[in-house]
Amino acid sequence: MLQRLDKLISSQGTYTRKEAQQLIKEGAVKVDGVTVRDRGFHIDPDVNSVMLNGREFCVEKFVYLMLNKPKGVVSATNDRSQKTVVDLVPDELKKRNLFPAGRLDMTTTGFVLITDDGDFAHRILSPKNHIEKTYEARLAEPVTDEQLKMVADGIVLEDGTECLPAKLRRLEDGENPLVEIKICEGKYHQIKRMFAAAGNGVIELKRTKMGGLILDENLREGECKKLSAEEVALIDTRSE
Ligand code: URA
């Protein structure tokens, strides 16, 4: 599809529209090897090659970032008083319209997908598409098989909200056991409320996986990395 050159350059998040226009005016931009000084010049990024300051300018329609969210950061795009997950994105991407695909509570840590692809976000969050989100929950008290069964069968929350069945696995036993839980929904405080309804509590919660993509263990809390097309496709994997 044909697009204006200045708009295309600024859409990648590093330069504002004005800066892109200035670069074009200065002769810093070549299309198919020829310097273009007309900011309104139209190109097709799938067909034409663009060089900026002598380097290939790769056009990415959308970006997908894996963030390892720390505690104390809000899952929002902007907030008047609190640091948001989008504040943790590298500066060169800040001008893109990035947002978190789904929310984690302020105290929850782990995998947050940050993207500017609204259709993709919608698809992976919709329960009907069966994309599992996997969490590790540290519980307040020893957990009984009955409590796990209640959550696994599809529990009714204290306010009457019905949850779909969840998949559960014991990871550690003891006074504060660790369980893995997989859900395809994203209701407000869902996992905390599921365990509360079963008669237990959650004291720590971490999201470890979205669809088939595991949180990179080399990513420290507060860090994010760009995902490859293969990794993005792994997120979009339906559970059975
Ligand atoms: N369930 C919760 O209770 N909190 C989260 O952050 C995510 C799922």
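Ala, Val, Leu, Ile, Met, Phe, Trp, Tyr, Cys and Pro count here as nonpolar, Asp, Glu, Lys and Arg as charged, and the others, Gly among them, as polar. By that split, the shell around the ligand holds four nonpolar, three polar and two charged residues. The model is predicted: local features need pLDDT of at least 70, side-chain atom pairs count only at pLDDT 80 or more, and totals for chains, interfaces and linings use all residues. Residues are numbered from 1 along each chain as its sequence is written, and side-chain values use heavy atoms, without hydrogens and water.

**Ligand shell**
- Residues around the ligand (one heavy atom within 4 Å of it) include Asp 105, Tyr 135, His 189 and Leu 205.
- Helix H5 (residues 190-197) gives the largest share, three residues; helices are DSSP runs of H or I, at least four residues, and strands are runs of E, at least two, numbered from the N terminus.
- Domain 2 (64-127 + 221-235) and domain 3 (132-210) each supply at least three shell residues; the bounds come from an automatic or database domain assignment.

**Polar contacts (N or O pairs within 3.5 Å)**
- Thr 108 places a polar side-chain atom 2.8 Å from a ligand oxygen.
- A polar backbone atom of Lys 192 is 3.1 Å from an oxygen atom of the ligand.
- The protein buries 97% of the 230 Å² that the ligand exposes when taken alone (Shrake-Rupley method, 1.4 Å probe).

**Sheet**
- Four strands form an open, antiparallel sheet in the order E3-E2-E5-E6; pairing requires at least two DSSP bridges.
- Strands E3 (34-35) and E6 (55-56) are at the edges with a single partner each, so one side of each lacks a neighbour in the sheet.
- Met 51 sits opposite Glu 56 in E6.

Note on methods. Polar contact = N/O pair within 3.5 Å; in protein donor to acceptor, adjacent residues only side chain to side chain.
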